[in-house]
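Hello,

Here is the structure I promised to pass on. Please open it first, then read my notes below with it on screen.

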Amino acid sequence: MIEEYWQDSFIYYVTFTSDYSKTKYTRALIFKAEKSVDEIKNIVLTKFKNVLEVNRIEEFEDGLLLKKEFLT
């Protein structure tokens, strides 16, 4: 029953430094598939603007993501 509505996901806490303000940000990033540290680093550097460096990547836990067709 769970598989009908939910998809497994992987949650990572990522800390990165902004090139613009030199501020460190920590965000929870959720992926549908497990990612390596290098993959996550590449994603952050290419999909966020003005990232100077990725400081830390920590696998937090597994999660459940509501399947797209059930979003309202």
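Start with T17, which sits in strand β1, a strand running over residues 6–18. One caution before going on: this is a predicted model.

Is T17 buried or exposed? Its relative accessibility is 6%. The cut-off for buried is under 20%, so T17 counts as buried.

Next, look at the side chain of T17. A polar contact links it to the side chain of N55, at 2.8 Å. N55 also appears among the residues that T17 touches beyond four places in sequence. The others in that list are K22, T23, K24, N50, V51, L52 and E53.

Now move to V14. This residue is in strand β1 too. Its relative accessible area is 0%, so V14 is buried.

Which residues does V14 contact, leaving aside its neighbours within four places in sequence? They are Y25, T26, R27, L29, I40, V44, V54, R56 and I57. Take T26 from that list. V14 and T26 lie twelve residues apart in sequence, yet their C-alpha atoms are 5.5 Å apart in space.

Last, turn to the surface. I2, W6 and L64 make up a nonpolar patch there. Together they have about 290 Å² of accessible area. One member of the patch, I2, belongs to helix α1, which covers residues 2–5.

To find your way round, try T17 and N55 first, since that contact joins two side chains. Then go to V14, and finish at the patch.

Best wishes

How values were computed. Residues are numbered from 1 along each chain as its sequence is written. This is a predicted model: local features need pLDDT of at least 70, side-chain atom pairs count only at pLDDT 80 or more; totals for chains, interfaces and linings use all residues. Side-chain values use heavy atoms; hydrogens and water are left out. Helices (H or I, at least four residues) and strands (E, at least two) are DSSP runs, numbered from the N terminus. Buried means under 20% relative accessible area, exposed over 50%, partly exposed in between (1.4 Å probe, protein chains only). A polar contact is a pair of N or O atoms within 3.5 Å; within protein, one must be able to donate a hydrogen and the other to accept it, and residues adjacent in sequence count only if both atoms are side-chain atoms. Contact means heavy atoms within 4.5 Å. Patches are made of residues with over 30% relative accessible area and no salt bridge: like charges are joined within 9 Å, nonpolar side chains (Val, Leu, Ile, Met, Phe, Trp, Tyr) within 5 Å. Accessible areas come from the Shrake-Rupley method with a 1.4 Å probe; for residues, only the protein chains shown count as cover. A salt bridge is a side-chain nitrogen of Lys or Arg within 4 Å of a carboxyl oxygen of Asp or Glu.
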